[in-house]
Amino acid sequence: MSQRVLRNEPVEALSNGTPLVATRVSGMTEIVEATGDGAVVEKNDPEALAAHIIGLS
């Protein structure tokens, strides 16, 4: 039986208005999309990750 574990730090960051760039793992997609304050990129796509991080500045 697999269990999804979501760390508190991303949720706390979003609740404080900090934008989040996350990969599609462990429920992060749902949280980031629900808040609309961040972006979700595919795992192992450093170019997309970098582009979203640069876009935050």
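This is a short guided tour of a predicted model of a protein chain, with a selection to make at each stop.

**The whole chain**

Begin with the entire protein chain displayed as a cartoon, which shows three helices and two strands. Followed along the sequence, these elements come in the order α-β-α-β-α. Of the 57 residues in the chain, 19% count as buried. If a surface is switched on, the accessible area comes to about 4300 Å², and carbon and sulfur atoms account for 53% of that area. Among the contacts with a separation of 6 or more, 13% are between residues 24 or more positions apart.

**The two strands**

Next, select residues 20–23, strand E1, and residues 38–41, strand E2. E1 and E2 pair in the parallel sense, over four bridges. The chain passes from E1 through H2 to E2, and this β-α-β crossover is right-handed. To inspect one of the pairings, select Leu20, whose bridge partner in E2 is Gly38.

**Helix H2**

Now select residues 28–35, which form helix H2, and show the side chains of its buried residues: Met28, Thr29 and Val32. On which side of H2 do they lie? These residues cover an arc of only 100 degrees around the axis, so they are on the same side of H2. To see what covers them, display H1, E1 and E2, which are included in that cover. Then move to Gly36, which follows H2 and has a positive phi, near 70 degrees.

**Thr29**

Return to helix H2 and centre the view on Thr29. Is Thr29 buried or exposed? Its relative accessible area is 14%, and because the limit for buried is under 20%, Thr29 counts as buried. Apart from neighbours within four places in sequence, Thr29 is in contact with Arg24 and Val40. Select these two residues together with Thr29 to view the contacts.

**Helix H1 and Val11**

For the last stop, select residues 8–15, helix H1, and pick out Val11 within that helix. Val11 has a relative accessibility of 35% and therefore counts as partly exposed, since that class lies between the 20% and 50% cut-offs. Add Val32, one of the buried residues of H2, to the selection. How far apart are Val11 and Val32 in sequence and in space? A distance drawn from C-alpha to C-alpha gives 8.9 Å, while the two residues are 21 residues apart in sequence. Keep H1 displayed beside H2 to finish, as H1 is among the elements that cover the buried residues of H2.

Technical notes: Residues are numbered from 1 along each chain as its sequence is written. This is a predicted model: local features need pLDDT of at least 70, side-chain atom pairs count only at pLDDT 80 or more; totals for chains, interfaces and linings use all residues. Side-chain values use heavy atoms; hydrogens and water are left out. Buried means under 20% relative accessible area, exposed over 50%, partly exposed in between (1.4 Å probe, protein chains only). Contact means heavy atoms within 4.5 Å. Accessible areas come from the Shrake-Rupley method with a 1.4 Å probe; for residues, only the protein chains shown count as cover. The arc is that of the directions from the helix axis to the C-beta atoms. Two strands pair if DSSP finds at least two bridges between them. A crossover is right-handed if, with the strands pointing away from the viewer, the path from the first strand over the helix to the second runs clockwise.
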